[in-house]
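Subject: Handing over a structure

Hello,

Here is the structure I promised to pass on to you. Have a look at it first, and my notes on what turned up follow below.

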Amino acid sequence: MIIRGGTVVDTDPVAVRVADVLLNGGRIAAVGPDLPVPEETEVLDATGMLVLPGFVDTHRHTWQAGLRARRPDISLATYLEFVFGAVGPRYRPEDVHIGTLVGALECLDAGITTVVDWNHIQHTPDHTAAALDALERAGIRVVFGYCTREPDLATARRVLAATGGLVTMAIAPFGPEIVSEEAALREWRIAKELDLPVTVHMGGNGVESAERGLDFLRRNRLLGPRTSYAHGNHFTDEHLKAIADSGGALSVSPVVEMQLGFGAPVTSRAFAAGAPTGLGADTVINGPGDMFSLMRSAYAHARLDSDFTTRDALRAATVEGAKAAALDGVGTLAAGSHADLVLLRTDLPGVAPVHDAVGSVVLAMDTRAVDTVLVGGRIVKRHGRLLAENVATLLTELEESVERVTATA
Ligand SMILES: [Zn+2]
């Protein structure tokens, strides 16, 4: 397939030019003006559109899609009680399935082609299987976070064996700020044993907790690469530098962090420390699920105390996010990368005219502009519509599931 005549916005480094994108075998073969077209190549006309690498969401509890805006104005304590006390225990495998499926389709619809699914609803192996099945069915690239209160190597190994194709795996520890040091050590041991990346909530629970958590990692020599720290609000600049030096990364969920009172998003400080920094929706219970909202809020907040640019915001949503997700070949349009692409319309009120493509993406666009989405060279959204699923039926199914789950909440 060749994507013809669009304005190509690459991310590493950020560069804008009119060019074609030639795809082959699910990968990007070449990017350039007037590329010769091999015979029998499908042509996708991108005239008047921006062509970008798909967005990377580095932290999302995808299963919560049915709880969207259910608790818009809550505190962290109420959020935790709602999720883990009231509704979470009521989720059956089929509830996890429909929630995760709609959550993943919501990502694709919004141009998010990769998601780090922080899956903390794995009550039983059937719940895990339901989540994995939903993610595969959606056709999104995913880093599936294995997370349970009682993690064990044999189960983790079985989950790993169930991944493949677009689905890879990470260990999602509760970590030293939430569980005991002994339990946290067990979580990291599994990651080491299976040679998997780690994605952990840390640094968002106050200054002392952040200090204690980082000290734990240092003492146990667990501060290392392929580790992403979600939130990190209370890490000091010195902590962030240590994370950067260790090859670790940050995942910022700007809206939810500010809204739940975690603290100031760490975006500008993490960039300054040289740590790869991605963005995440975290939860749609009390925040938006699309990358435009996340870029905009991270950008606006970061500008309070830095010269953070729209280019930085775009990088956070793409190539920096890919680093935080510990994925190669994602988040840029470099030859050899996965053909995960998004085509954005510019002929819309509120978007046109486009003077600065990156500025327009970060400041002016929303999900409405997402015309076409490809994952691994496969079209999943075209002309503004998801192709794979009967979305209306799925939304009805989701509402039925959530009605039961939230009956007493
Ligand atoms: Zn989270």
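Helix α11 (residues 310-317) is largely enclosed by the rest of the structure, because 7 of its 8 residues are buried. The buried ones are Thr310, Asp312, Ala313, Leu314, Arg315, Ala316 and Ala317. Please keep in mind that this is a predicted model.

Ala317 also leads to the next topic, since it is among the residues with the most contacts inside the largest nonpolar core. That core has 128 residues, and the others with the most contacts in it are Val21, Val51, Ala104, Ile140, Met295 and Leu344. Helix α2 (residues 93-109) supplies the largest share of the core, 8 residues. Both domains take part: domain 1 (2-54 + 337-384) and domain 2 (55-324) each give at least three residues to this core.

Which residues does Ile140 touch, once those up to four places away in sequence are set aside? The list is Ala104, Cys107, Leu108, Thr113, Val115, Leu135, Leu166 and Val375.

Helix α3 (residues 125-138) is worth a visit too. With 14 residues at 1.5 Å a residue, α3 should span 20 Å, and its end C-alpha atoms are indeed 20 Å apart, so the two agree. Its buried residues are His127, Thr128, Ala130, Ala131, Leu132, Ala134, Leu135 and Ala138. Among the elements that cover them are α2, β7 (112-119), β8 (141-146), α4 (153-161) and β9 (167-171). Just after α3 comes Gly139, with a positive phi of about 80°.

Now for the chain as a whole. The protein chain has 14 helices and 17 strands. Its C-alpha trace spans about 60 × 45 × 40 Å along the principal axes. For 409 residues, a compact globule would have a radius of gyration near 22 Å; the chain has 20 Å, which agrees. Buried residues make up 55% of the 409. If you take the contacts between residues at least 6 apart in sequence, 77% of them join residues at least 24 apart.

On to the domains. The assignment gives domain 1 as 2-54 + 337-384 and domain 2 as 55-324. Their centres, taken over C-alpha atoms, are 27 Å apart. How many residues of each domain are in contact with the other? Domain 1 puts in 22 residues and domain 2 puts in 24. On the side of domain 1 that touches domain 2, the elements giving two or more residues are α13 (357-363), β15 (370-375) and β16 (378-382). Of these, α13 gives the most, with 5 residues. The residues on this side of domain 1 divide into 12 nonpolar, 5 polar and 5 charged.

Strand β16 holds Arg382. Is Arg382 buried, exposed or partly exposed? Arg382 has 14 other C-beta atoms within 10 Å, so it counts as partly exposed. Beyond its neighbours within four places in sequence, Arg382 is in contact with Thr372 and Leu387. Val370 is 12 residues from Arg382 in sequence, and their C-alpha atoms are 8.8 Å apart in space.

Last, a few backbone details. Most residues other than glycine have a negative phi, and most peptide bonds are trans. Here are the places to look at with that in mind:

- The peptide bond from Asp12 to Pro13 is cis, with omega near 5°; Pro13 sits in the loop between β1 (2-11) and β2 (14-24).
- Ala352 and Pro353 are joined by a cis peptide bond with omega of about -5°; Pro353 is in the loop between β14 (341-345) and α13.
- Glu40 is not a glycine, yet its phi is positive, near 60°. Glu40 lies in the loop between β3 (27-32) and β4 (43-45), and it counts as exposed because it has 5 C-beta neighbours inside 10 Å.
- Asp282, also not a glycine, has a positive phi of about 70°. Asp282 is in the loop between β13 (277-279) and α10 (291-302), and with 31 other C-beta atoms within 10 Å it is buried.

Enjoy looking around, and write back with any questions.

Best wishes

Notes. Residues are numbered from 1 along each chain as its sequence is written. This is a predicted model: local features need pLDDT of at least 70, side-chain atom pairs count only at pLDDT 80 or more; totals for chains, interfaces and linings use all residues. Domain bounds come from an automatic or database domain assignment. Two residues are in contact if their C-beta atoms, placed from the backbone, lie within 7 Å. Helices (H or I, at least four residues) and strands (E, at least two) are DSSP runs, numbered from the N terminus. Ala, Val, Leu, Ile, Met, Phe, Trp, Tyr, Cys and Pro count as nonpolar, Asp, Glu, Lys and Arg as charged, and the others, Gly among them, as polar. A residue is buried if 20 or more other C-beta atoms lie within 10 Å of its own, exposed if 12 or fewer, and partly exposed in between; C-beta atoms are placed from the backbone. A nonpolar core is a set of buried Ala, Val, Leu, Ile, Met, Phe, Trp, Tyr and Cys residues joined through C-beta atoms within 7 Å. The expected span of a helix is 1.5 Å times one less than its number of residues. The radius of gyration is taken over C-alpha atoms; the globule rule is 2.2 Å times the number of residues to the power 0.38.
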